[in-house]
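Open your viewer and keep the selection box ready. This tour goes stop by stop.

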Amino acid sequence: MAEARLQVIAGGSVPQEPLATDPWQFQTACVDAFVASLQARGFSPVTIDNDIGLLERTLAALGRPAWEVTPEDIDRVVGDLAVKGRATSTRREYVQIFKGFHRFLQARKAADIEAAFGVRLVCPVDEFNASRHVGDDSPALVPPPTPERVAEFFDFMKQRIATARKYGPAARHYAMFRTLYHAGLRSEEASLLDKPDVHFSRGPFGKPHVRFGKGAHTSGPRPRWVPMLDGLDLVTAMVPGRRAPQVP
């Protein structure tokens, strides 16, 4: 029977100290990876540019790598924005974009951050510094316009169509505002609509296909169909370059 032999294989010990890595370079690489994830989820280039610009301003205001940020740092940045008179919605956007980036780090980079910097990720956004979705610009303080005021606005827009030097842009603006009002679209959703997105054969009045519908919790665009009510089908039938039809 063959004699069993043991063999020593050269190797290295597991490092006991965190790996030496520049935190700012690492964070920049994480932001680049975050951008790639947004692109993979189908966000528009405009949305990505806006979000990353806001994220960079947030990180600069915090003044430390995202994994070292504490609840007190969030309080400080949000408090400074409030002192400068920034709207509640703006302060909420700062918190939300950081929260989304931190969630990305927890999902994709937690092991690397712990190995390199010895930090276990814990989100510093909590119930005490996360703004509610009701702000100073809430309808409770700023009521929506009355139906009479809305009618006056659209009468003004129609007068602009009648006197505009170029019919196309004026009609497009009128149709845009009518779409926002009657279909309940967000401004970015409406601005991303194209002519092929309007299907007059769907339903009794037709439906626009909102291909870039707003998602929830950074889930990416959620397409949906919206009925064209209150004469919206007649408004969207106005094609720039043709003689202006009678608008409702």
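Begin with Lys-158. Select this residue and check how much of its surface is open: Lys-158 is partly exposed, with a relative accessible area of 25%. Now add Asp-155. Asp-155 also counts as partly exposed, at 39% relative accessibility. The side chains of Lys-158 and Asp-155 meet in a salt bridge, 3.9 Å from N to O. That value fits, because a salt bridge needs the nitrogen within 4 Å of the carboxyl oxygen. Show the cartoon as well. Both residues lie in helix H6, residues 147-163. They are three residues apart, about one turn of the helix.

**Step back: the whole chain**

Clear the selection and look at everything. Remember that this is a predicted model. The chain has nine helices and three strands. Colour it from the N terminus on. The elements run α-α-α-α-α-α-α-α-β-β-β-α. The chain has 248 residues, and 33% of them count as buried. Next, think about contacts between residues at least 6 apart in sequence. Among these, 57% join residues at least 24 apart.

**Stop: two helices that cross**

Select H2, residues 45-62, and H4, residues 88-108. What angle do H2 and H4 make where they pack? The angle is about 95°, and the axes are 9 Å apart. Angles of 65 to 115 degrees count as roughly perpendicular, and H2 and H4 are therefore roughly perpendicular to each other.

Now show the side chains where they meet. On the H2 side, pick Asp-51, Leu-54, Leu-55, Arg-57, Thr-58, Leu-59 and Leu-62. On the H4 side, pick Glu-93, Tyr-94, Ile-97, Phe-98 and Phe-101. Colour this contact by class. You should find eight nonpolar, one polar and three charged residues.

**Stop: more salt bridges**

How many salt bridges does the structure hold? There are eight. You have already seen the one between Lys-158 and Asp-155. Here are others.

Select Asp-73 and Arg-64. Their side chains meet in a salt bridge of 3.3 Å, N to O. Is Asp-73 buried or exposed? Asp-73 is buried, with a relative accessible area of 8%. Arg-64 counts as partly exposed, at 31%. Now add Arg-76 to the selection. Arg-64, Asp-73 and Arg-76 are linked in a network of salt bridges.

Move to Glu-189 and Arg-186. Their side chains also meet in a salt bridge, 3.2 Å from N to O. Glu-189 counts as buried, at 3% relative accessibility. Its partner Arg-186 is partly exposed, with a relative accessible area of 44%.

**Stop: Asp-197 in a loop**

Go to Asp-197. Where does Asp-197 sit? It is in the loop between helix H8 (187-191) and strand E1 (198-199). Asp-197 is buried, with a relative accessible area of 6%. The cut-off for buried is under 20%, so Asp-197 qualifies.

Show what surrounds Asp-197. Leave out residues up to four places away in sequence. Asp-197 then touches Leu-192, Lys-207, Pro-208, His-209 and Arg-211. Zoom in on Arg-211. The side chains of Asp-197 and Arg-211 make a polar contact at 2.7 Å. Then turn to His-209. Asp-197 and His-209 are twelve residues apart in sequence. Put a distance label on their C-alpha atoms, and it should read 5.0 Å.

**Last stop: Val-119 in a loop**

Select Val-119. This residue is in the loop between helix H5 (110-117) and H6. H6 is where the tour began, with Lys-158 and Asp-155. Which residues is Val-119 in contact with, leaving aside its neighbours within four places in sequence? They are Trp-67, Ile-113 and Glu-114. Finish with Trp-67. Val-119 and Trp-67 are 52 residues apart along the chain. Their C-alpha atoms are separated by 7.1 Å.

Terms used:
Residues numbered from 1 in each chain as written. Predicted model: local features only at pLDDT ≥ 70, side-chain atom pairs only at ≥ 80, totals over all residues. Heavy atoms only, no water. Axes fitted to C-alpha atoms, helices over the stretch in contact; angles between N-to-C directions. Helix = DSSP H or I, 4+ residues; strand = E, 2+ residues; numbered from the N terminus. Parallel < 35°, antiparallel > 145°, perpendicular 65-115°, else oblique. Contact = heavy atoms within 4.5 Å. Nonpolar A, V, L, I, M, F, W, Y, C, P; charged D, E, K, R; others polar. Buried < 20%, exposed > 50% of the residue type's maximum accessible area, 1.4 Å probe, protein only. Polar contact = N/O pair within 3.5 Å; in protein donor to acceptor, adjacent residues only side chain to side chain.
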